[in-house]
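Here's a quick briefing to read with the model open next to you. Have a look around first, then come back for the packing details.

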Amino acid sequence: MSKKHPVVVVTGSSGAGTTFVKRAFEHIFSREKINSLIVEGDSFHMYDRAAMKENVQKQESLGNNFFSHFGPDANLFDKIEETFKDYGETGQCDRRYYLHSNEEAAEHNARLNTDLNPGEFTPWEKVGSDTDVLFYEGLHGAVVTDDIDMAQYADLKIGVVPSVNLEWIQKIHRDNAERGYSAEETVDTILRRMPDYINYITPQFSQTDINFQRVATVDTSNPFIARDIPTPDESFVVIRFKDLDKTPVDFTYLTSMITGSFMSRRNSIVVPGGKMSLAMDIILYPIIKQMINK
């Protein structure tokens, strides 16, 4: 951990809603004129899009039907750990981008004078000079294994963890809308990722300082036939604090400010889904401000 060069991590699986939380942090950074260095989790994949497809097919031919983006064999866990450590110590680190679209490819090709395509990586660049905080958003921000402990280098770790059926509904609909995948294709992906989900995604949420877990209040018992994503007003958000000394919160103030909220445990508050943005702002703003002032 670093008082001079803090590292903030938002971690959660594909379809969990980490992008929503990322926007909340960006609003706080913008409002407080905090110069953040954004690091994307996708940039730490080991293989580009074409190579990943080849390796999935290769592993399947060898009888391994569980090779996925969720596991260590397809990611640079050591590079994530190194990135957090380097920034905390020096305020600088290496960064590259994974190009998701033609628009992103065009933007970075113009900047770097390259000829890269969607699904490829930009070269690593040394970045971070004159920034106030590193902000990571992705699948693996708090992984701890026998060989890797990236969680120790993050000053604030946020988990985004919908109930699993809701997470699958969100992923199925997102993959269809943004990537044109059928529900069957997404289900195949979910099944292939399941061992790595259990071994490398879920354990992170014991490392995170605050977890935001959205729970639907409508029937999601069969996520694979759900026609739409439950709306915020059709859900609650359970917010759990791991250590109230590290991330102190005034629960009395929170419950008075957020209509319909209530305490479920001494370290957990439940808020209506439509109030998640307000809750995040009230909770995260003083933590970030204190972190930067230090």
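What follows covers the nonpolar cores, two helix pairs and one asparagine. Keep in mind that this is a predicted model. Its largest nonpolar core has 33 residues, and helix α8 (residues 276-293) gives the largest share of that core, nine residues.

**Nonpolar cores**

- Within the 33-residue core, the residues with the most contacts inside it are Phe25, Ile158, Ile210 and Ile239.
- Take Ile210: leaving out residues up to four places away in sequence, it touches Lys157, Ile158 and Gly159, then Ile239, Arg240 and Phe241, and also Thr247, Ile283, Leu284 and Ile287.
- Apart from the largest core lies another one, of 18 residues, and Phe44, Phe77, Val127 and Tyr136 are among them.
- As background, nonpolar side chains tend to be buried together in soluble globular proteins.

**Helix α1 against α8**

- Helix α1 (residues 18-31) and α8 have axes that come within 10 Å and cross at roughly 50°.
- An angle from 35 to 65 degrees counts as oblique, so that's the label for α1 relative to α8.
- The crossing of this pair, α1 and α8, is right-handed.
- On the α1 side, the contact is made by Phe20, Val21, Ala24, Phe25, Ile28, Phe29 and Arg31.
- On the α8 side, you'll find Met276, Ser277, Met280, Asp281, Leu284, Tyr285 and Ile288.
- Sorted by class, the α1–α8 contact comes out as 11 nonpolar residues, one polar and two charged.
- Two names here turn up above as well: Phe25 is one of the residues with the most contacts inside the largest core, and Leu284 is touched by Ile210.

**Helix α5 against α6**

- Helix α5 (residues 164-179) and helix α6 (residues 183-201) also have axes that come within 10 Å, and they cross at roughly 135°.
- That angle makes α5 and α6 oblique to each other.
- The α5–α6 crossing is right-handed.
- From α5, the contact takes in Val164, Glu167, Trp168, Lys171, Ile172 and Asp175.
- From α6, it takes in Ala183, Thr186, Thr189, Ile190, Arg193, Met194 and Tyr197.
- The class split for α5 with α6 is seven nonpolar, two polar and four charged residues.

**Asn55**

- Asn55 sits in helix α2 (residues 49-61).
- Is Asn55 buried or exposed? Its relative accessible area is 16%, and under 20% counts as buried, so Asn55 is buried.
- Not counting residues up to four places away in sequence, Asn55 touches Tyr47 and Phe67.

Notes:
Residues are numbered from 1 along each chain as its sequence is written. This is a predicted model: local features need pLDDT of at least 70, side-chain atom pairs count only at pLDDT 80 or more; totals for chains, interfaces and linings use all residues. Side-chain values use heavy atoms; hydrogens and water are left out. A nonpolar core is a set of buried Ala, Val, Leu, Ile, Met, Phe, Trp, Tyr and Cys residues joined through side-chain atoms within 4.5 Å. Buried means under 20% relative accessible area, exposed over 50%, partly exposed in between (1.4 Å probe, protein chains only). Helices (H or I, at least four residues) and strands (E, at least two) are DSSP runs, numbered from the N terminus. Contact means heavy atoms within 4.5 Å. Axes are lines fitted to C-alpha atoms, for helices over the stretch in contact, and angles run from 0 to 180 degrees between N-to-C directions. Angles under 35 degrees count as roughly parallel, over 145 as roughly antiparallel, 65 to 115 as roughly perpendicular and the rest as oblique. A crossing is left-handed if the near helix is turned anticlockwise from the far one by less than a right angle, and right-handed if clockwise. Ala, Val, Leu, Ile, Met, Phe, Trp, Tyr, Cys and Pro count as nonpolar, Asp, Glu, Lys and Arg as charged, and the others, Gly among them, as polar.
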